[in-house]
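Please read the questions and answers below alongside the structure. They ask how each description is reached.

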Amino acid sequence: MFARSPSPKVIPGFGLALGITLAYLSLVVLLPLAMIPLAAFRLAPERAWAVVSDPRTVHALALSFGTALLAAAVNAVLGTLLAWVLVRYDFPGRRLVDALIDLPFALPTAVAGISLAALYAPNGWLGRLLAPLGVTVAYTPLGIVVALVFVGLPFVVRTVEPVLEALDAEVEEAAATLGASWSRAFRRVVLPLIAPAVLAGFAMALARGVGEYGSVIFIAGNLPMVSEIAPLLIAIRLEEYNNGAAAVIALAMLAIAFALLLAINLLQAWNRRRIEA
Amino acid sequence: MKLARLGLAAVLVALSCAVARADTALLNVSYDPTREFYRDFNAAFAQAWKAESGETVQVRMSHGGSGRQSRSVIDGLEADVVTLALGYDIDAIADIRGALPADWQTRLPNESSPYTSTIVFLVRKGNPKAIRDWGDLAKPGIGVVTPNPKTSGGARWNFLAAWAWAEDAFGRDEAKVRAYMTALFKNVPVLDTGARGSTTTFVKRGIGDVLLAWENEAHLALRELGPDAFEIVAPSMSILAQPPVAVVDANVDKHGTRKAAQAYLDFLYAPEGQRLAARHYYRPIHPEHAAKDDVARFPELRLVTLKDRFGDWRATQKRFFDDGGIFDQIFATR
Amino acid sequence: MSLLSPRRAHAVAEAPAVRFLLLGLALAAVALFLLLPLGVVFAEAFARGWAAFAEGVADPDARAAIRLTLLVAAISVSVNLVFGVAAAWAVTKFDFPGKSVLVTLIDLPFSVSPVIAGLIYVLLFGAHGLIGPWLIAHGVEVIFAVPGIVLATMFVTLPFVARELIPTMEMLGRGDEEAARTLGASGWQIFFRVTLPNVKWAALYGVLLCNARAMGEFGAVSVVSGHLRGLTNTMPLHIEILYNEYNFVAAFAVASLLALMALVTLALKSGLEALGGK
């Protein structure tokens, strides 16, 4: 059905490329993922609803998405700042900092979790400094946000950097000749141009954060109704031999995540059309 | 593409099989705090088995939270023997997968538990919060560290020991027992998924004032992580924790390892096995085989048993730890 | 060039004070969120000196974990590179209905929790799974064996190469390829002579990220591994085991090895970017 698409194709390889893509995607992602609804729908609808509407499930889902949104928002600001500094300024060690940005991609999440817990525990390097201020990070929802900020840090930096790099100096000059101050020029000229990249990075950090497990369980405290994330609840339901409930929670997570991603992609498409117009 | 992937999978299977060179390979799927014990025990068994049968045996270990390990065996982990934290986790393998008969627990002496343990308190040196007994755990301002009873076997023993004490203390008035348990769980700042996670939280992270732990785990933590920083408190009473062992019939028949697997478990009851268990802080069922100094480390404690107080594990699991059970109710009102 | 001078002239430049403030904030964030966690890993690894570190790394089980990790990473990265190129080619060089759905599907593994990624393979290949009983009856082990670990890693790292290639190839457009076609070049010629030189840095970046994630994956692999020492333990799982055995020095020693590998990867990437003129 795809072969008869509207535009005539000049470039070859459509069949092969799409064939590989669809075959691999089906075998590795879609077919296995289909197991989730399959297992979930084996549950009677009222039991499935009971699982989803259980306050503990609702809290875990809200916590996972809430902390991921918060961390992605922090990363949107922090990432833009880092990208700005890396692209615009020359300072000793710039290349080193630039290379370090990718560290959260490379450091295994479990290692990150262990070292963050060691840092922020009441007797850790940072926890010791924060404790007198009455701030506890480890074993609270705040700890989850810290872990997710770490995990998602590179996304926004890496999406915004190339856009800033390519930013046309003339655009800024034009703004300057019109007498705009720096902050005004930034808000009116630079920000709209980098917004799609920031949004794309935000979406990736959010998507990654929602499902994050390894780094979070070491620092979260894992208390039901307080600091228990949805992936952990899935693992717990599995260990209780409750496959159906695990699949239902997983399905709820997937549905919400998919809806969020689709919304962000649509927002991007709308933004692109708006700029082109 | 598909063919290439299948071929790749075949190569990988061949690779993973080629690693095991011994005549017989056994897989023992166990729970968290048995790591150090089985490391020594496996070496002793390999030696004894070589002398007896002339065969080289290699025992592979898998450790984790007891519930998770049971789950893995149900999902196809090829365990020849399971040595888990409590009977229910082996019941589940029998009930859900049918890999061993439902009456597996009658096949070996002492309800298939070659060693036992109990639940004690680990507190910070000098016991600054003066924690002596179960009643102290529910007082305001005390931080109690225990793993999650939903996923950890040790945590289920913790819960039942506290419950049994409260039943005695409040004349079996269930409303009062529940109020006590609720107050206790109000004091829990972290619920790790396994016993080892809780120990690390308490010892390394400095969270809480008291850790509810397996006796052997408490001794091990004391030795490994700081005899000068912690001390063990034995409460007025506790529960007899029976970690059972079993041969997984379906798997040993498939691997042809029944003889070795059976001998492996029998060796746990033999003098050498009993001696090693005591050395690793498990209470041997035949203390006469253990070193005197090792046995002297276990304080005299009044211990209630699961059978006398709560019945069998299937009923206990359903009443306390299944979805919507007493633990969930208590935690919801916390 | 003075400290903190702008890298190139900008008509709209912020005041020096603002510049210092922004730079200070950025560096503080890097120190707090990146350097400190990294520092803890190395500090703990060498807490008892070199000998303890070397002992942790030279252990046979540690070496088996390192070998397995490299094998798993090599397989999943090469498979995902082929997939990423094919997907980017299909998505950027052609128009077809359902394209944005396809792009969203490629991103999907990003937003699927690693726990779920493990769960689905257990539901599929486990003893009570859809095709697990049949496979087990025919002596093929997937779950709790190396193939399961490879599959779970492939799932988790699937989007990386495609994600890097698609925007780059989108930006480059189709003009060059169409011109080459008009001049009579074959499909493979177009790909190797025209497209690949333009996207090689993006592809490499994707490969490096994919590799890093493949070596470090924990959640998904943990669900399907079975944790058999020396057999199905990858490095992150081995770290967890050592950590649970109170062997903190060895745990952080293996962790530091992984962190070091990651640092080398990052350095390699920076070096190649400098050569390629980014």
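The turns below take up the basis of the model, then its chains, its core and its contacts.

Q: How do you know which parts of this predicted model may be described in local detail?
A: The model is predicted, so local features need pLDDT of at least 70 and side-chain atom pairs count only at pLDDT 80 or more, while totals for chains, interfaces and linings use all residues; pLDDT is the predictor's confidence in each residue, from 0 to 100. Residues are numbered from 1 along each chain as its sequence is written, and chains are lettered from A and ligands numbered from 1 in the order in which they are written.

Q: What is the mean pLDDT of chain B, and where does the pLDDT stay under 50?
A: Chain B has a mean pLDDT of 89, and 93% of its residues reach 70 or more. Residues 1-8 of chain B stay under 50, and the model has 3 contacts for them beyond four places in sequence. The pLDDT is also below 50 over residues 10-20 of chain B, a stretch with 14 contacts in the model beyond near neighbours in sequence. Two residues are in contact if their C-beta atoms, placed from the backbone, lie within 7 Å.

Q: What makes the pattern of chain C one of α elements?
A: Helices are DSSP runs of H or I with at least four residues, strands are runs of E with at least two, and both are numbered from the N terminus. Chain C has 13 helices and 0 strands, so its pattern along the sequence is α-α-α-α-α-α-α-α-α-α-α-α-α. Chain A likewise has 13 helices and 0 strands. The C-alpha trace spans about 60 × 55 × 30 Å along the principal axes of chain C, and about 65 × 65 × 30 Å along those of chain A.

Q: Why is B:Arg172 called exposed?
A: A residue is exposed if 12 or fewer other C-beta atoms lie within 10 Å of its own, buried if 20 or more do, and partly exposed in between, with C-beta atoms placed from the backbone. B:Arg172 has 10 C-beta neighbours inside 10 Å and therefore counts as exposed. B:Arg172 is placed in the loop between helix H7 (153-169) and helix H8 (174-186) of chain B. Its C-alpha atom is separated by 39 Å from that of B:Val81, 91 residues apart along the chain.

Q: How many residues count as buried in strand E1 of chain B, and what share do they make up in chains A and C?
A: In strand E1 (residues 24-30) of chain B, 6 of the 7 residues are buried, and the strand is mostly covered. Buried residues make up 51% of the 277 residues of chain A and 54% of the 278 residues in chain C.

Q: What makes E1(B) and strand E2 of chain B a pair?
A: Two strands pair if DSSP finds at least two bridges between them. E1(B) is joined to strand E2 (residues 57-62) of chain B by 6 bridges, so the two strands pair, and they run parallel. One of the bridges joins B:Leu26 to B:Val59 in E2(B).

Q: What makes a set of residues a nonpolar core, and which residues have the most contacts inside the largest one?
A: A nonpolar core is a set of buried Ala, Val, Leu, Ile, Met, Phe, Trp, Tyr and Cys residues joined through C-beta atoms within 7 Å. The largest has 289 residues, and those with the most contacts inside it are A:Ile234, A:Ile249, A:Ala250, B:Val81, B:Val248, C:Leu119 and C:Val254. Helix H3 (residues 60-93) of chain C gives the most to this core, with 17 residues. Not counting residues up to four places away in sequence, B:Val248 touches residues including B:Val73, B:Val81, B:Ile93 and B:Leu100.

Q: How many residues of chain C are in contact with chain A, and how do they divide by class?
A: In chain C, 81 residues are in contact with 82 residues of chain A. Helix H1 (residues 16-45) of chain C gives the most to this side, with 14 residues. Ala, Val, Leu, Ile, Met, Phe, Trp, Tyr, Cys and Pro count as nonpolar, Asp, Glu, Lys and Arg as charged, and the others, Gly among them, as polar. The side of chain C that touches chain A accordingly divides into 58 nonpolar, 11 polar and 12 charged residues.
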